[in-house]
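Q: Hi! I'm new to this one and would like a quick tour. Can we look at it together?

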Amino acid sequence: MKKEWVILLIAIPYFFCMNNYLGIQIDGALYTLQVIHRWFPERFVGDPPFMFGNQDSFTIFSPIYGFLMSHLPVDVAAMVVTFVMHLVFAVAMILFIRAFARKFNFEHWTLPLAIAFFTIYISGSDRTFIFFSRLIEPYPVPRSLAVAFGIMGLAAIFSKNRWITPVLALVGSAFHPLMAGWVLPVWMFYHFPKTRIPIVLMSALFPLAGYIGVEPFAGYPDDWYYKPLTYGPNAGFVFRFLMYIAFFIIFIKRYAKGAFERQFCFSVLLITAIATYWYLWTGINNFILLYQFQVWRMEWLCIVTTFILFAYVLYDVVSGYRETRRFTTRDLAVVLIGLTLFSDIHAPEGLIAAIILLLKKNENVTKKHFLMLGFMYAVLNLLMAAYCYMLALDASVPYIVNFLLANSLYNRYIIITALVCLICGLLMLRKKDFFRAVLFLLYPFFPQLLLLPIVALAIPLLKRWQVVAAIVLIIIDGVWGFPMRTTNISLTLLEKSQFLWAVLFVSVFVIAWFAKVKYGLVAKILLFLPVLFAVPYAMTHWDHRQEKQKIEESNLDQFKSHMAFPQVKERGKVFYYVNGYMNGDSRLQFLGGNYVDTKTTVGEIFNKGHHQLAVDRLNRLIYKNDNKPTFKGVYERARIMYDFFEDSLSISGILIDRTKYLCSLDEISHLVSDFENLPFVKQDSLWMNVLDKNVYLYECPQLSQVEVESN
């Protein structure tokens, strides 16, 4: 399938089936408020995120978003800009795959590879997360647009006009300077190799600037952002960086055939190594400016390049098998590398096994290799299940990973163990060892029987009575561990409707592939059948917001041009609490500034004053405490403040108590709430059109009155 329009026509509807729009969330609220701030800066007087500057000056996204918002309702504009962002990303990724597939001489794989990428990196998958941001963002932020232009810049790196890449990278950087700019050094290293040594040397010396001691060429002080080790260097992220570096080295040493392949891969390898080095330095000297670069954002570059390079390796393996009908240990290593690169959880065992196979002499894969893999994954599966069980019981076990990560690893090992057991079972059937074949083939249907594959592997070493005892042990263990174990492998696969779409498209591709020889025209028509179902599904399911979220977002337009309670000039002295979906996001709910909410801390990494003021206000609100810091880290703080807004403030007694306390400190002058009968002077009321309820403006009581009541 080589025609661009055909590929786009099939792949883009599939992309929208696999990705969702989640509304104005997280940083989407920040960029929405930046548009309002451009129009009405007076709404944000005293609002911490805008008192010390904001990210609006670093992006051209706000004017574009603002143009749409000026002509459409706020919620519709957010949806439109996210749709355009998704469309541009999908087109960019398809063009990128096509450009590299053409360069590597497997252009006919473009459509299957596009479908594969959109299947692996689906909305909600752990694979799409790059720290707290995502490869494909489901809300209105410029990051995915910047990445899309960066991807197009990579696609143009082999074009006749070498200056297309830097132009596209600069356009992407205009949307978000910390995302697309990583393409520029790749382009420089590829086209101008002499720049490598000076840039690598400057990159090696740059972290030492953190010892100058003058902000931002200094370490984070103790009272700013908790010396951001709460974010990094994260061990899991360091491993992912090292995993990418290992893959690039393996590709250069074992699979790259032409000079341009080695040069491109080496260029990306150097950039990844620099990013890893810088990331590690953020934990050594807490260099403010270096950490603000947020080098982990460059992981998108590793993701897309490893995908296309792995596709090249896989194509080479398939081509070699067609010619020789041999599946070798080097080919098996490729499969293990793929399991490491494209799993939800990046664990090292597959990559380690692959490196061992690559270092050894290349030979045909035999039953022995699959049995060894089966043993490795069966033991890992058993150990991780036991570890999850002990964590669930709050047993005193050595802390390795948290329960959520351990459970994800457990589910991952279930799938891989089941796959290896299936292969081993088929091999046993071929050898007419029916008893062991049955044991292997039972595991995918009864994954709670963790000892089953281990016993099946050990049968040749056991006597008959030991086999009987082992089977009894399998049953007892399975029954005993039943409440804590996954009992259906489909639970780890069929959690999302996206999986069903993947099955449909892949099934049609396989049928069309086998039908193309005799029924060429029929096969081509067959490829379009899923599109007939995908388009209406995407139109009705892409918007994945909750119903109450849709209702509250549709109410935002009420405040686009008219400020709520305009008689209050200093918005930073107004505290809001209105029950509903946005109870912790009142700045978005009323499109203006406030005293504090759950989003007030967004952007604090870039300004010390913003961080300190936001944390001070949260301390006073949550703990009635003027000392800092009360929170132990950003993750704990996020959990505590979301729980406080969601649960505690919904109790009128706590809301009254905190209002009196903040009024006594002259921190706030007014309260806005939908509680109708609070013991404060009611100055005004406002009808929320879509929500069909009143909110009230309460004035702080006199200071003397507050002191008397508190005594």
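Q: Let's start with helix α8. Which of its residues are buried?
A: Happy to help, and keep in mind that this is a predicted model. The buried residues in α8 are T165, P166, L168, A169, G172, S173 and F175.

Q: Where do those buried residues sit around the axis of α8?
A: Viewed down the axis of α8, they fall within an arc of 170 degrees, so they line one face of the helix. A general point helps here: an α-helix has 3.6 residues a turn, so residues three or four places apart point the same way.

Q: And what is exposed on the other side of α8?
A: There you'll find V167 and L170, which are exposed.

Q: OK, what covers the buried residues of α8?
A: The cover includes α4 (61–71), α7 (143–155) and α9 (183–191).

Q: How many residues does α8 have, and how far does it reach?
A: Helix α8 runs over residues 164–175, which makes 12 residues. From its first C-alpha to its last it reaches 17 Å, close to the 16 Å expected at 1.5 Å a residue.

Q: Let's pick one residue from there. Is S173 buried or exposed, and why?
A: S173 has a relative accessible area of 16%, so it is buried, the cut-off being under 20%.

Q: What is S173 in contact with, neighbours within four places in sequence aside?
A: S173 is in contact with F58, A180 and G181. With G181 there is also a polar detail: the backbone nitrogen of G181 lies 3.4 Å from a polar atom of the S173 side chain.

Q: Changing topic: how many disulfides does the count come to?
A: The count comes to one disulfide. This disulfide joins C663 to C700, with an S to S distance of 1.8 Å.

Q: Which parts does that pair tie together?
A: C663 lies in helix α29 (residues 652–664), while C700 is in the loop between β6 (693–699) and α30 (703–710), so the pair ties together parts that are 37 residues apart in sequence.

Q: Is the disulfide left-handed or right-handed?
A: It is left-handed, because the torsion about the S-S bond of C663 and C700 is about -75 degrees.

Q: Are those two cysteines buried or exposed?
A: C663 counts as buried at 8% relative accessibility, and C700 counts as buried at 13%.

Q: What about C421: why does its sulfur have no bond to C424?
A: The closest cysteine sulfur to that of C421 is in C424, 6.3 Å away, which is too far for a bond. C421 counts as buried too, at 2% relative accessibility.

Definitions and conventions:
Residues numbered from 1 in each chain as written. Predicted model: local features only at pLDDT ≥ 70, side-chain atom pairs only at ≥ 80, totals over all residues. Heavy atoms only, no water. Helix = DSSP H or I, 4+ residues; strand = E, 2+ residues; numbered from the N terminus. Expected span 1.5 Å × (residues − 1). Buried < 20%, exposed > 50% of the residue type's maximum accessible area, 1.4 Å probe, protein only. Arc of directions from axis to C-beta. Contact = heavy atoms within 4.5 Å. Disulfide = S-S within 2.5 Å. Polar contact = N/O pair within 3.5 Å; in protein donor to acceptor, adjacent residues only side chain to side chain.
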